[in-house]
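Biologist: I'd like a close look at a single part of this model, with its surroundings worked through piece by piece. Could you take one region and walk me through what it touches and how it sits?

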Amino acid sequence: MKASKFTDAQKAFILKQGEDGMTVAEICRKAGISQATYHNWKKKYGGMGTDQLKELKRLQKENEHLRKAVSDLTLDKLILAEAAKGNF
C-alpha cells in the first residue's frame, strides 16, 4: 500500500474545512486530492482530531504486529504438531 503524502494533521485540517462549510470541490482543488480521496478520508477519519488520528495509526500498527505474531505462532504450532506425529 502506498504511503500517504499527507500527515494526520493535514488530513484533519482538510476534513475540518468540509465541516466548516467549504465545498468538497474547492477543498479538493486546494489540497490537490480527488473527491474520492476526500470521501474515503471522511468515512475513515470523520470527526476525529489530530491526536485521535495518531492514536488510530498507532493502534493499527500494533494490531498488524500482533496479527503477524499470531500467524507465526500458529504456523509454528502446526509444524510442531506434524513433527510430533512423525509426518514430516
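Modeller: Sure, and keep in mind that this is a predicted model. Before the main part, a quick stop at Glu55, which sits in helix 4. With a relative accessible area of 37%, Glu55 counts as partly exposed. Its side chain makes a polar contact with the side chain of Arg58, at 2.8 Å. The helix around Glu55, helix 4, has 36 residues and spans 53 Å from its first C-alpha to its last, close to the 52 Å expected at 1.5 Å a residue. After helix 4 comes Gly86, with a positive phi near 90°.

Now for the part I want to dwell on, helix 1. Helix 1 covers residues 8-19, which makes 12 residues. From first C-alpha to last, helix 1 reaches 17 Å, close to the 16 Å expected at 1.5 Å a residue. Helix 1 is followed by Gly21, and here too phi is positive, near 110°.

Which residues of helix 1 are buried? They are Asp8, Lys11, Ala12, Ile14, Leu15 and Gln17. As a general point, an α-helix has 3.6 residues a turn, so residues three or four places apart point the same way. The buried residues of helix 1 pack against helix 2 (24-31), helix 3 (35-45) and helix 4 (50-85).

Let's zoom in on Ile14, which lies in helix 1. Its relative accessible area is 5%, and because buried means under 20%, Ile14 counts as buried. Setting aside neighbours within four places in sequence, Ile14 is in contact with Phe6, Ile27, Ala31, Ile33, Tyr38 and Trp41. If you want a backbone distance to go with that, the C-alpha atoms of Ile14 and Val24 are separated by 9.7 Å, and these two residues are 10 apart along the chain.

Gln17 is also found in helix 1. At 17% relative accessibility, Gln17 counts as buried because the cut-off is under 20%. Leaving out the neighbours within four places in sequence, Gln17 is in contact with Met22 and Ile27. Ile27 is also one of the contacts of Ile14.

One of the partners of Ile14 deserves its own look: Ile33, in the loop between helix 2 and helix 3. Ile33 is buried, with a relative accessible area of 12%. Not counting residues up to four places away in sequence, Ile33 touches Phe6, Ile14, Cys28, Tyr38 and Trp41. For a longer reach across the model, take Ile33 and Lys61: they are 28 residues apart in sequence and 25 Å apart in space, C-alpha to C-alpha.

On to how the helices are arranged. The axes of helix 1 and helix 3 come within 10 Å and cross at roughly 100°. Angles of 65 to 115 degrees count as roughly perpendicular, so that is the label for helix 1 and helix 3. On the helix 1 side, the residues that meet helix 3 are Lys11, Ile14, Leu15 and Gly18. Helix 3 answers with Tyr38, Trp41, Lys42 and Tyr45. By class, this contact of helix 1 with helix 3 has five nonpolar, one polar and two charged residues.

Helix 3 has another packing partner in helix 2. Helix 2 and helix 3 pack at about 105°, with their axes 9 Å apart. Helix 2 and helix 3 are therefore roughly perpendicular to each other as well. Here Val24, Ala25, Ile27 and Cys28 in helix 2 meet Gln35, Tyr38 and His39 in helix 3. By class, the contact of helix 2 with helix 3 has five nonpolar, two polar and no charged residues.

To pull the threads together, Tyr38 meets helix 1 residues, meets helix 2 residues, and is touched by Ile33 from the loop.

Notes:
Residues are numbered from 1 along each chain as its sequence is written. This is a predicted model: local features need pLDDT of at least 70, side-chain atom pairs count only at pLDDT 80 or more; totals for chains, interfaces and linings use all residues. Side-chain values use heavy atoms; hydrogens and water are left out. Helices (H or I, at least four residues) and strands (E, at least two) are DSSP runs, numbered from the N terminus. The expected span of a helix is 1.5 Å times one less than its number of residues. Buried means under 20% relative accessible area, exposed over 50%, partly exposed in between (1.4 Å probe, protein chains only). Contact means heavy atoms within 4.5 Å. A polar contact is a pair of N or O atoms within 3.5 Å; within protein, one must be able to donate a hydrogen and the other to accept it, and residues adjacent in sequence count only if both atoms are side-chain atoms. Axes are lines fitted to C-alpha atoms, for helices over the stretch in contact, and angles run from 0 to 180 degrees between N-to-C directions. Angles under 35 degrees count as roughly parallel, over 145 as roughly antiparallel, 65 to 115 as roughly perpendicular and the rest as oblique. Ala, Val, Leu, Ile, Met, Phe, Trp, Tyr, Cys and Pro count as nonpolar, Asp, Glu, Lys and Arg as charged, and the others, Gly among them, as polar.
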